[in-house]
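I opened a fresh page for this chain today. Here is what I looked up, in the order I went through it.

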Amino acid sequence: MTTNTDVQEAQTEQQLRDALAEKLIEIGAARSPRVVAAFRTVRRHLATPEADMASTYNAEVATITKTDEHGVDISSVSAPRVQAMQMEQGDIAPGMSVLEIGSGGPNAALLAEVVGDNGRVVTVDIDPDVTSRATAFLKETGYRNVTVLTADAENGAPDHAPFDRIIVTVQAADIPPAWIAQLKDGGRLVVPLRMRGLTRTVAFVRDGERLVSDGFELCGFVPMQGVGENRVRLAVLHAEEGAEVGLRVDGHPEPDTAALAKALAMARNEQWSGVTLGGSESNEHLDMWLTTALDNLPLLAAKPGARSRGLVASASPLGIPTLVDGDSFAYRTVRATDQEDRYELGAIGHGPRGQQLAERLVEEIRTWDRDHRGDRAHIEVYPAGTPDDRLPAGGRRIERRHSRVTITWP
């Protein structure tokens, strides 16, 4: 028997889904009609009954579903904006076969809505708690064209390959050979790829043995587990609780932590570029240029308390590009200008060579502004062992166990 309360709850739920869809359209995350329709349909809150229902329909909220013994997030339902962004990057169409790496439930349901009854979705996760939750959600919501697998996604899903699309919903530092082998030639792989500390969800197109980028977006994801796990190491420069400062090291030279901690306590040196950004303009392409152009550029991570106490001038959850040389470092920063909602880019240096490093960072900010501000980086992935003469010339090369990643600019 349906009660008035049931009707009201159903109406409220539909209103939340419709409001989410409208928000995703407004911010440009969802553009295609099938993606928009999927968000109007999927009852995502049922995957996380412990969370506030309204928050699960907030475009920017990722719902954490599991943490490790240290309190580090290891599984989540991605924010709707990010899910929509990856679906649009994937250019998914009805009838396609899609592999999702990193389960949760709602994203697989969204993919199932887009591929339709004649398509299929395979979702794989290493954690049985995660796949159990996803299986229960998909059963409750009635999606029969989704197969849930508990396995190490390093190996993909060979029994279900090949795939038209592979959507990865965990941060990956490398591209396992199985992902390329199981993707149809001309198919698309969307993956949050970590490159020298920076993570971007990159849309790749398979071209034989290589992957060629077709755009990327700024993002943040929980790291991959299993055989492919390759986490960033944190070198702590200041350990005061609530005001911690450190460097995220990802294939960079080992920092002299003691010397850099002393440098942090020294007076800062400010250098300003004259280059400005609007308040809504992202640093993401500038930061990609900096990591391409400069050799030793880990990311500065700082708690808000470090900024309020004057230890650092800038703090970002994604980290700030920081040029390091021995006992000195300099990091990117901004300051307000006399123009409303306009900010000047600069650098702050610490240590004996802090001024020189800040000047070097500012020099590259000006180079980006002069030569590449309207450009976007081009990323390609080749199998490990590919000879140098088969790689794009110039730019930055990142060596991983399975692959060689190249970043070049027009």
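I began with a single pairing: Met-195 has Leu-198 in β8 as its bridge partner. Before going on, I noted that this is a predicted model, where local features need pLDDT of at least 70, side-chain atom pairs count only at pLDDT 80 or more, and totals for chains, interfaces and linings use all residues. Residues are numbered from 1 along each chain as its sequence is written, and side-chain values use heavy atoms, with hydrogens and water left out.

**Around β8**

I then looked up the strands on either side. Strand β7 (residues 183-195) runs antiparallel to β8, with eight bridges between them; strands count as paired if DSSP finds at least two bridges. Their hairpin has two residues between the strands, and Arg-196 there takes a positive phi near 55°.

On the other side, β8 pairs with strand β9 (residues 210-218), again antiparallel, over seven bridges. Here I found Phe-204 bridged to Ser-213 in β9. This hairpin also has two residues between its strands, and Gly-208 in the turn shows a positive phi of about 65°.

Why is β8 largely enclosed by the rest of the structure? Eight of the ten residues of β8 (residues 198-207) are buried, so the strand is largely enclosed. For the record, buried means under 20% relative accessible area, exposed over 50%, and partly exposed in between (1.4 Å probe, protein chains only).

**Helix α4**

Next I checked α4 (residues 80-90), where ten of the eleven residues are buried. Among them are Pro-80, Val-82, Met-85, Met-87 and Gly-90. Polar names turn up on my list too, including Gln-83, Gln-86, Glu-88 and Gln-89. Just after the helix, Asp-91 takes a positive phi of about 50°.

**The whole chain**

I counted eleven helices and 19 strands; these are DSSP runs, helices being H or I with at least four residues and strands E with at least two, numbered from the N terminus. Of the 410 residues, 53% count as buried.

How does the radius of gyration fit a compact globule? For 410 residues such a globule would have a value near 22 Å, and the chain has 22 Å, so the two agree. The radius is taken over C-alpha atoms, and the globule rule is 2.2 Å times the number of residues to the power 0.38. The C-alpha atoms fill a box of roughly 75 × 55 × 40 Å along the principal axes.

Last, I looked up contacts (heavy atoms within 4.5 Å). Of those with a separation of 6 or more, 61% join residues 24 or more positions apart.
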